[in-house]
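Please open the structure in your viewer and keep the selection tool at hand. This tour proceeds from one selection to the next and describes what is found at each stop.

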Amino acid sequence: MLFQMWQFLRHYRRQTVIFTILGCVAVLSVISFQTMPIVAQPASTSSERPAIKAPNFGRHFQEFGREGSILIYDSKNNRIYEHNPKRNSTAIAPASTFKIFNVLVALEIGVIPNDVAVLTWDGIHRDIDAWNHDTNLRQAFKDSTVWFYQVLARKAGYERMQQFINKVGYGNRQIGTPADIDRFWLQQPLQITPQEQIKFLQRLYQGDLPFSQRTINLVKDIMVREQTPDYTLRGKTGWLTSTKPNVGWFVGYLEQNKNVYFFATTLDMYKPEDAPIRIEITRRSLKDLGLLAHIN
């Protein structure tokens, strides 16, 4: 009887040890599974778009022997193409590209009623002949007539201009003091990056700005540089003369193939003959993407 009890206890202890060991292994397995890093499996590539080789925009700057940058945003495919990313994220004064914003404010608050209202030339002779006469909003935008837009800014006034700058979140939002009201975009303190120019233009295109639809539509129409059955190109140039070297801007957007391509180009400029280069480089870069060409 005692012998049988001893055997039973011996067998029981052996099973208990085995179960205990198995239990520990199970617990360790759970712990190991929970702490093991999960490696994501590659998704199926059957529905992915084929990779597009980024064009070499830099060669266009090299051909002209100039430093600069370009940023093109393909909105439909959410793709960015660029040359000189560091420069595309560096803020500088917007120069005459600010005329887009200036027009929005002037029309919205009524300091000028429409695009054909004329302002009288102040009689001060300036180096650019196209500026030395009476002109209207549309023509002044095309000729980039600085004095015309300085008048609009003074009429808008420091407080209202700052309010709109803040509402839109334009650039660094700095317009200086009331004394700077007619030059803050030409000589700083207002600064904006090419990346921010693109974002501002996107909001303009989408109508996502604190201006009436009438104002936005009129500004879009004024911005048209080229219009064909195949595409519409809108844009504004700028020439920052307060830096050495000077910096040329060309910003805008192209509507083609049921898509919109936003662009911002900067170029170091040393003489008046450099002015067309910023536009030519932009056109060549857009053509690299298969744009600005005849569509059958």
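**First stop: helix 6 and its surroundings**

Select helix 6, and then display what covers its buried residues: the cover includes helix 4 (99–109), strand 3 (118–119), strand 4 (135–136), helix 5 (137–143) and helix 7 (158–168). The model on the screen is a predicted one. Helix 6 spans residues 146–156 and is mostly covered, with 9 of its 11 residues buried. To see them, colour Val146, Trp147, Phe148, Tyr149, Gln150, Val151, Leu152, Ala153 and Ala156. Move just past the end of helix 6 to Gly157, where phi is positive, at about 90°.

**The chain as a whole**

Now zoom out to the full chain. How many helices and strands does the chain have? There are 10 helices and 8 strands. The chain contains 296 residues, of which 44% are buried. Among contacts with a separation of 6 or more, 62% join residues 24 or more positions apart. With a surface display switched on, the chain exposes about 16,500 Å², and carbon and sulfur atoms supply 55% of that area.

**Helix 4 against helix 6**

Two packed helices are described by the angle between their axes and the distance between the axes. Select helix 4 together with helix 6: their axes come within 10 Å and cross at roughly 45°. Helix 4 is therefore oblique to helix 6. The crossing of these two helices is left-handed. Show the side chains where they meet: helix 4 brings Lys99, Asn102, Val103, Val105, Ala106 and Ile109, while helix 6 brings Val146, Tyr149, Leu152, Ala153 and Ala156.

**Helix 4 against helix 7**

Keep helix 4 selected and replace helix 6 with helix 7. The axes of helix 4 and helix 7 come within 11 Å and cross at roughly 115°. Is the crossing of helix 4 and helix 7 left-handed or right-handed? The crossing is right-handed. On the helix 4 side, the contact is made by Phe101, Asn102, Val105, Glu108 and Ile109; on the helix 7 side, by Arg160, Met161, Phe164, Ile165 and Val168.

**The nonpolar cores**

In soluble globular proteins, nonpolar side chains tend to be buried together. Which residues touch the most other members of the largest nonpolar core? They are Phe101 and Met161, in a core of 60 residues. Helix 6 gives the most to this core, contributing 8 residues. Select Phe101 and display its contacts: leaving out residues up to four places away in sequence, Phe101 touches Met161, Phe164, Ile165, Val168, Tyr170 and Phe200. A second core, separate from this one, has 18 residues, among them Leu233, Phe263, Ile277 and Ile281.

**Phe141 and helix 9**

Next, select Phe141 in helix 5. Is Phe141 buried or exposed? Phe141 has a relative accessible area of 4% and so is buried, the cut-off for buried being under 20%. Beyond the residues up to four places away in sequence, Phe141 touches Lys99, Ile100, Val103, Tyr149, Ile222, Met223, Gly235 and Lys236. Add Thr237 to the selection: Phe141 and Thr237 lie 96 residues apart along the chain, yet their C-alpha atoms are separated by 9.6 Å.

Continue to helix 9 (residues 213–222), where Thr215, Ile216, Leu218, Val219, Lys220 and Ile222 are buried. Its buried residues pack against helix 4, helix 5, helix 8, strand 5 (224–227), strand 6 (231–240) and strand 7 (246–256).

**Three further buried residues**

Select Gln197, which is placed in helix 8 (residues 194–206). Gln197 counts as buried because its relative accessibility is 1%. Apart from neighbours within four places in sequence, Gln197 is in contact with Pro94, Thr97, Tyr170, Ile192, Trp249, Val251 and Ala264.

Move to Thr282 in helix 10 (residues 275–288). Thr282 is also buried, because its relative accessible area is 1%. With residues up to four places away in sequence set aside, Thr282 touches Ile70, Phe250, Phe263 and Thr265.

Finish at His60, which belongs to helix 2 (residues 58–64). His60 has a relative accessibility of 4% and therefore counts as buried. Not counting residues up to four places away in sequence, His60 touches Ile281, Arg284, Ser285 and Asp288. For a last selection, take His60 and Ile277: they are 217 residues apart in sequence and 9.6 Å apart in space, C-alpha to C-alpha.

Technical notes:
Residues numbered from 1 in each chain as written. Predicted model: local features only at pLDDT ≥ 70, side-chain atom pairs only at ≥ 80, totals over all residues. Heavy atoms only, no water. Helix = DSSP H or I, 4+ residues; strand = E, 2+ residues; numbered from the N terminus. Buried < 20%, exposed > 50% of the residue type's maximum accessible area, 1.4 Å probe, protein only. Contact = heavy atoms within 4.5 Å. Areas by Shrake-Rupley, 256 points an atom, 1.4 Å probe, with all protein chains shown as cover. Core = buried A, V, L, I, M, F, W, Y, C linked by side-chain atoms within 4.5 Å. Axes fitted to C-alpha atoms, helices over the stretch in contact; angles between N-to-C directions. Parallel < 35°, antiparallel > 145°, perpendicular 65-115°, else oblique. Left-handed = near helix turned anticlockwise from the far one by under 90°.
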